[in-house]
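Visitor: I am new to this one. Could you walk me through the model, one feature at a time?

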Amino acid sequence: MSRLVFVLNGPNLNLLGKRQPHIYGHETLADVERDCRALAAELGLELRFHQSNREYEIIDWIHEARETAGGIVINPAAFTHTSVAILDALNTFDAPVIEIHISNVHKREEFRHHSFVSGRADGVIAGFGTQGYQLALRRVARLIDEKAK
Ligand code: DQA
């Protein structure tokens, strides 16, 4: 089982730290990436960390992961609530998928309560702030380790 993990981030997450900090906090996506890389090194994972505002790019990365990766951590952002195409792409991926949201989407507007991605995810993390990425990586590492046994 590959120890390569893709961490994929959807639209507007490039503005993390500037965007509605009362909801998403003050950390930037670069801070999140730095912390993920440090933890990945500790866990013996190799990381690809990407963000895009374009749905097709996220789909292309999932296709790439399909050929190479042992797990995906994905914050699809607004595409969570709209994208059958991302769900379909994830359904072609045969290894652990963890969905993460920085905010607690269930405490927010009703349109955020439904996730297409949750229909495929092996686990969902929401409302733990950017710490959720660390929790998701730990879970993926555990699932990869268990599969390797
Ligand atoms: C988000 C929640 C989504 O509803 C929203 O569209 C985002 C970010 C989160 O991380 O809390 O862009 O995925």
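Guide: Gladly. Keep in mind that the model is predicted. Start with a single pair of residues. In β3, Asn75 is the bridge partner of Asn9.

Visitor: How many bridges join strand β1 to strand β3?

Guide: There are 5 bridges between β1, residues 4-9, and β3, residues 71-75. The two strands run parallel.

Visitor: What is the order of the strands in the open sheet?

Guide: Read across the sheet, from one strand to its neighbour. Here the order is β2-β1-β3-β4-β5. That makes 5 strands, with parallel pairing.

Visitor: Which strands stand at the edges?

Guide: The edge strands are β2 (46-51) and β5 (123-126). Each has a single partner strand, so one side of each lacks a neighbour in the sheet. From one strand to the next, the twist averages 15 degrees.

Visitor: Now the helices. Which strands does helix α3 lie across?

Guide: Helix α3, residues 55-68, lies across β1, β2 and β3. It runs at about 170 degrees to β1. Helix α5, residues 131-148, lies across β1, β2, β3, β4 (97-101) and β5. Its angle to β3 is about 160 degrees.

Visitor: Which residues are around the ligand?

Guide: Look for protein atoms around it. The residues there include Arg19, Tyr24, His101, Ser103 and Val105. The shell divides into 5 nonpolar, 4 polar and 2 charged residues.

Visitor: Where does Asn75 come in, and how far is its side chain from an oxygen atom of the ligand?

Guide: An N or O atom in the Asn75 side chain is 2.8 Å from a ligand oxygen. For the side chain of His81, such a distance is 2.7 Å. For that of Arg112, it is 2.9 Å. The ligand on its own has 320 Å² of accessible area, and the protein covers 99% of that.

Visitor: So Asn75 appears twice.

Guide: Yes. Asn75 is the bridge partner of Asn9, and Asn75 is also among the residues around the ligand.

Key
Residues are numbered from 1 along each chain as its sequence is written. This is a predicted model: local features need pLDDT of at least 70, side-chain atom pairs count only at pLDDT 80 or more; totals for chains, interfaces and linings use all residues. Side-chain values use heavy atoms; hydrogens and water are left out. Two strands pair if DSSP finds at least two bridges between them. Helices (H or I, at least four residues) and strands (E, at least two) are DSSP runs, numbered from the N terminus. Axes are lines fitted to C-alpha atoms, for helices over the stretch in contact, and angles run from 0 to 180 degrees between N-to-C directions. Contact means heavy atoms within 4.5 Å. A residue is near a molecule or strand if one of its heavy atoms lies within 4 Å of it. A polar contact is a pair of N or O atoms within 3.5 Å; within protein, one must be able to donate a hydrogen and the other to accept it, and residues adjacent in sequence count only if both atoms are side-chain atoms. Accessible areas come from the Shrake-Rupley method with a 1.4 Å probe; for residues, only the protein chains shown count as cover. Ala, Val, Leu, Ile, Met, Phe, Trp, Tyr, Cys and Pro count as nonpolar, Asp, Glu, Lys and Arg as charged, and the others, Gly among them, as polar.
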